[in-house]
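The following exercises concern the packing, burial and backbone geometry of one protein chain. Each task is followed by a solution in steps.

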Amino acid sequence: MSEAVLGIIGGSGIYDLPGLTELREERIASPWGEASDALRIGRMGQTKVVFLARHGRGHVLPPSEINYRANIDVMKRAGVTDLVSLSACGSYKSELYPGLFVLVDQFVDRTAKRVSSFFGKGCVAHVSLAHPVGPALQARIAEAATAEDLPFVRNGTLVTMEGPQFSTYAESLTYKSLGYDLIGMTAMPEAKLAREAEITYATVAMVTDFDCWHPEQHSVDVASVVAVLHENAEKARRLVARLAADFPAERELCPAGSHNALDNAIITPAEFRDPALMAKLDAVAGRVLSA
Ligand SMILES: CSC[C@H]1O[C@H](OP(=O)(O)O)[C@H](O)[C@@H]1O
Ligand SMILES: Nc1ncnc2[nH]cnc12
């Protein structure tokens, strides 16, 4: 296996990652367009770490205008093997309270305006997304959270809405009654694209609010999300530092198959593939296309 490289995508409230040594900034060109920001590449302990601010520095990109394909492509080009998303989320369960970290294991995609695949006309592929989170990566995050004494729970289902408006009361009750645990605006298509790029993915959902279903809590607004995020940001940085310090040198095999997700996924025979699309897929699908 290859060198393990830990990628971190910082969401709302997390626009940089203090503590990186040998730090350099790099704006990697992508055939998929502009990534949200320059990558910050450095080391934490022995581990190479690559950081990207999802909404850009200054939070200039709304969820629908993030170029998710470019973000994942530049992470792949930077060598990232394992990607952790730090994401502010609303909660549908009383026991999932603001300040808690939830290591989600499932996603529901309710977005409507986003391109959610690197593949398409000229090269069709269908990867498995049954288990979108890498269990071994999730277990390492859990160990780091335990070591740092951070409140967290394992597993949960995160629904991704298009936004940018928060949900209506009726939508909030619907998602709650469907059994979803959390809501955000960015996990999809990020998780789908990471799987296509054979990057192991995990989300740390940082609970910031109870959306608008809770009879005793006021409806979510940006001010309350930001207030919780200020407290969460420091905890998230401690989590990442511990995760990186204990990270293996070599990429681990992913029990969910993210390290070889493309092995049997591409259905278009080589002679029918579009050369222009093939060129764009050089990074995300390079392992199988060059075989
Ligand atoms: C500022 S509240 C809504 C905003 O926060 C979350 O962002 P991220 O997932 O990048 O932390 C949510 O998805 C919305 O984009
Ligand atoms: N209630 C909520 N809905 C959607 N995205 C969020 N991010 C943080 N809280 C949220």
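**Exercise 1. Describe how helices H2 and H5 pack, and classify the residues that form their contact.**

Solution. The model is predicted, and every value below is computed from it.

Step 1. Helix H2 covers residues 135–147 and helix H5 covers residues 222–245; their axes are 8 Å apart and make an angle of about 120°.

Step 2. H2 and H5 cross in a right-handed sense.

Step 3. On the side of H2, the contact consists of Arg140, Ile141, Ala144, Ala145 and Ala147, while H5 supplies Leu239, Arg242 and Leu243.

Step 4. Sorted by class, this contact of H2 with H5 contains 6 nonpolar and 2 charged residues, and no polar ones.

**Exercise 2. Determine how H1 and H4 are oriented to each other, and which residues meet.**

Solution.

Step 1. Helix H1 (residues 68–77) packs on helix H4 (residues 187–196) with an axis separation of 9 Å and an angle of about 40°.

Step 2. An angle under 35 degrees would count as roughly parallel, and 65 to 115 as roughly perpendicular. H1 and H4 are therefore oblique to each other.

Step 3. The crossing of H1 past H4 is right-handed.

Step 4. Tyr68, Arg69 and Ile72 represent H1 in the contact, and they meet Pro189, Glu190, Leu193 and Ala194 of H4.

Step 5. The contact of H1 with H4 comprises 5 nonpolar and 2 charged residues, with no polar residue.

Step 6. The spacing within such a contact can be read against helix geometry. An α-helix has 3.6 residues a turn, so positions three or four places apart point the same way.

**Exercise 3. Establish how far H1 and H4 are buried, and identify what covers them.**

Solution.

Step 1. The criterion for a buried residue is 20 or more other C-beta atoms within 10 Å of its own.

Step 2. In H1, 9 of the 10 residues are buried, so this helix is largely enclosed by the rest of the structure. The buried residues of H1 are Tyr68, Arg69, Asn71, Ile72, Asp73, Val74, Met75, Lys76 and Arg77.

Step 3. These buried residues of H1 pack against H4 and against strands E1 (5–10), E3 (39–44), E4 (47–53) and E5 (82–91).

Step 4. In H4, 10 of the 10 residues are buried, so H4 is likewise largely enclosed by the rest of the structure. Charged side chains are among them, including Glu190, Lys192, Arg195 and Glu196.

Step 5. The cover over the buried residues of H4 includes H1, E5, E7 (106–110), E9 (157–161), E10 (182–184) and E11.

Step 6. Each helix is followed by a residue with positive phi: Gly79 just after H1, at about 90°, and Glu198 just after H4, at about 60°.

**Exercise 4. Locate Phe210 and Asp211, state whether they are buried or exposed, and list their contacts.**

Solution.

Step 1. An unreviewed UniProt entry lists Met185, Asp209, Phe210 and Asp211 under "binding site".

Step 2. Phe210 lies in the loop between strand E11 (200–209) and H5, and Asp211 lies in the loop between E11 and H5 as well.

Step 3. Phe210 has 24 C-beta neighbours inside 10 Å and therefore counts as buried. Asp211 has 23 other C-beta atoms within 10 Å, so Asp211 is buried too.

Step 4. Leaving aside residues up to four places away in sequence, Phe210 touches Gly90, Ser91 and Gln217. With the same exclusion, Asp211 touches Gly90, Ser91, Tyr92, Phe166, Ser167, Ser172, Ile183 and Val220.

**Exercise 5. Find the cis peptide bonds and the positive phi values listed for His59 and Asn155.**

Solution.

Step 1. The peptide bond from Gly163 to Pro164 is cis, with omega near 5°. Pro164 sits in the loop between E9 and helix H3 (169–177).

Step 2. Met188 and Pro189 are also joined by a cis peptide bond, with omega about 10°; Pro189 belongs to helix H4.

Step 3. His59, which is not a glycine, has a positive phi of about 50°. This residue is in the loop between E4 and H1, and with 14 other C-beta atoms within 10 Å it is partly exposed.

Step 4. Asn155, also not a glycine, has a positive phi of about 75°. Its place is the loop between strand E8 (152–154) and E9, and with 12 other C-beta atoms within 10 Å Asn155 is exposed.

Methods
Residues numbered from 1 in each chain as written. Chains lettered and ligands numbered in written order. Predicted model: local features only at pLDDT ≥ 70, side-chain atom pairs only at ≥ 80, totals over all residues. Axes fitted to C-alpha atoms, helices over the stretch in contact; angles between N-to-C directions. Helix = DSSP H or I, 4+ residues; strand = E, 2+ residues; numbered from the N terminus. Parallel < 35°, antiparallel > 145°, perpendicular 65-115°, else oblique. Left-handed = near helix turned anticlockwise from the far one by under 90°. Contact = placed C-beta atoms within 7 Å. UniProt positions renumbered as here; feature names shortened; annotations may be inferred.
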